[in-house]
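Hello again, notebook. Today I am looking up the ligand sites in this entry, one at a time, and jotting down what turns up.

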Amino acid sequence: MDLGAVTQRSALHAKPSGLVLQYGTAGFRAHAGHLDHIMYRMGLLAVLRSKQTKSTIGVMVTASHNPEEDNGVKLIDPLGEMLAPSWEEHATRLANAEEQELPRELVGISEREAVDLQQDAFVVVGRDTRASSEKFSQSVIDGVTALGGLFHDYGLLTTPQLHYMVYCRNTGGQYGKATVEGYYQKLSKAFVELTKQASCSGDEHRTLKVDCANGIGALKLKEMQQYFSQGLSVQLFNDGTKGKLNHLCGADFVKSHQKPPEGMEMKSNERCCSFDGDADRIVYYYRDADGQFHLIDGDKIATLVSSFLKDLLVEIGENFNVGVVQTAYANGSSTRYLQEVMKVPVYCTKTGVKHLHHKAQEFDIGVYFEANGHGTALFSKAVEMKIKQLAKELEDNKGKAAKMLANVIDLFNQAAGDAISDMLVIEAILALKGLTAQQWDALYRDLPNRQLKVKVADRRVISTTDAERQVLTPPGLQEVISDLVKQYRLSRAFVRPSGTEDVIRVYAEADSQANADSLAHEVSLAVFQLAGGTGERPTSGLCG
Ligand code: NG1
Ligand code: ZN
């Protein structure tokens, strides 16, 4: 390890002294002005991780749905997964080491993780469309080369595309070709094959309006649409040519405000969807004949997907174990529907896709979605092989079902939640089942809910247990929340520190919107009082 070169180059990416940042739910996120040293150091860390795992590691520069002024970075592990938790700690330590401590910290990590420094390192880099991202990806590359690592810069990519590239490269191309073209071809082929089997449905069923959050999704969908146009035509809005990234649009805006994005014309009963800023989340929605807006979130996507998969499994007579993984943010109605009507086992993990992803890997087929629309379905290797073999052997309806399953496996991004891949899966299922958005929405009725944010002096004062559904500290807060919940029907509420923003998040649901709003407000007040709220006391009617 040439520590001289590392230190010398680090001076060009100097850490503002005293600045402390943490590797959170999705890597580092902060105002772009605070991040250059983090980028350089994540380049360094990626080299160590690559040497240790003897694999290609990914570094993605993005802050997803955060405002344009923010940015962020996360590392992608060999199978396209989120970075292992022990390395998140290394990331935080490395990020917070003052300039003179940097070499010692690097040596410490290498020793603790038994990194063979003679090993080659290869890092792939991708970035979103933020103004600061290009320069930041250069800082990452500076870090990679300072430690003697080799790299490939993919330039502009959606986050899930970079996960896909990492997975392809570490499976010797078995999963697919590690190029943007390879990604388009693999997904589009599976989609077109699938939709060919749909009985002819009217044109309106095959047109979809997509709000791209003024982000990278617009560029990539524009490039990709020619590959799948046989099965679907997409109309792009908020494509980045006029509006600001994530501003009054995108999946996060639509989900948290429960209203349509600006910049999209919606006629009644038109099927619409929104991506977030780095295209790893998707939510659907429509207006009914009375002009009322209806949101179809990640929970309903998980329900649609798992019911489709279960039907096909019944058809081919295979009894694979299918599980659905959610977080505490899943709407209570969705959990009830999955368990009681669909008879699917449902598990709850902590927020953050790495938790859901790992849980989903325990099943033959694991479907996981956060309510905000981030998710995918995972198929074990054995199941994939079996289904692909049945697709060749079986005939008639069974053969048709097995072929559909084989294509669905190829269409889902097995490395990460992916708005483009999920969109194509959903469109294929709706076409095959002949369902409109309204019919899909009618599977169950969401319980009214509200999310709020509370500012506190130090969000670490709140700790949680039971997959974040119960508060452990500060003392007394859980009792207050439990008492408040008892005052409403069909109610539930919980609070947790955000991993991507400096706030406490509050969630409440109840039998009516007014009650969900009121419960969320009362819980916010309790958080403000018992967990060291700062600034103005929460006022009712505020939307998080
Ligand atoms: P935090 O800020 O930790 O709540 C948010 C989302 C997560 C996840 C991450 C990463 C909610 C309530 N939280 O995390 O689900 O998607 O961002 O983007 O939606
Ligand atoms: Zn995202």
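I started with the zinc ion (ligand 2), keeping in mind that this is a predicted model. Its coordinating atoms come from S64 (OG), D276 (OD), D278 (OD) and D280 (OD), at 2.0 to 2.1 Å. Along the sequence I read the spacing of these donor residues as S-x211-D-x1-D-x1-D.

Next I checked the geometry. The angles among the four donor atoms run from 86 to 171°, and the site is classed as irregular. A tetrahedral label needs all angles between 85 and 135 degrees, so the upper end of the range, 171°, rules that label out. For reference, the ideal angle for four tetrahedral donors is 109.5 degrees.

Then I moved on to ligand 1. Which residues come nearest to ligand 1? I found R496, S498, G499, T500 and R505, out of 15 residues around it. By class, I noted two nonpolar, eight polar and five charged residues in this shell.

I also looked up polar contacts to oxygen atoms of ligand 1. The side chain of T500 has an N or O atom 2.5 Å from one. For N372, a polar side-chain atom lies 2.8 Å from an oxygen of the ligand, and for T25 the distance from a side-chain N or O atom is 2.9 Å. On its own, ligand 1 has 430 Å² of accessible area, and the protein covers 93% of that.

Last entry for today: I looked up the space that ligand 1 takes, and it is the second largest pocket.

Terms used:
Residues are numbered from 1 along each chain as its sequence is written. Chains are lettered from A and ligands numbered from 1 in the order in which they are written. This is a predicted model: local features need pLDDT of at least 70, side-chain atom pairs count only at pLDDT 80 or more; totals for chains, interfaces and linings use all residues. Side-chain values use heavy atoms; hydrogens and water are left out. A residue is near a molecule or strand if one of its heavy atoms lies within 4 Å of it. A polar contact is a pair of N or O atoms within 3.5 Å; within protein, one must be able to donate a hydrogen and the other to accept it, and residues adjacent in sequence count only if both atoms are side-chain atoms. Accessible areas come from the Shrake-Rupley method with a 1.4 Å probe; for residues, only the protein chains shown count as cover. On a 1 Å grid over the protein atoms alone, a cavity is a set of points where a 1.4 Å probe fits but cannot get out, and a pocket is an open set with protein on both sides within 12 Å along at least five of seven lines; lining residues have an atom within 4 Å of a point. A molecule sits in a cavity or pocket if more than half of its atoms lie within 2 Å of its grid points. Ala, Val, Leu, Ile, Met, Phe, Trp, Tyr, Cys and Pro count as nonpolar, Asp, Glu, Lys and Arg as charged, and the others, Gly among them, as polar. Donors are N, O and S atoms within 2.8 Å of the metal (3.2 Å for Na, K and Ca); water is not among the atoms, so sites may look incomplete. Four donors count as tetrahedral if all angles lie between 85 and 135 degrees; four count as square planar and six as octahedral if opposite donors are over 155 degrees apart and all others between 65 and 115; anything else is irregular.
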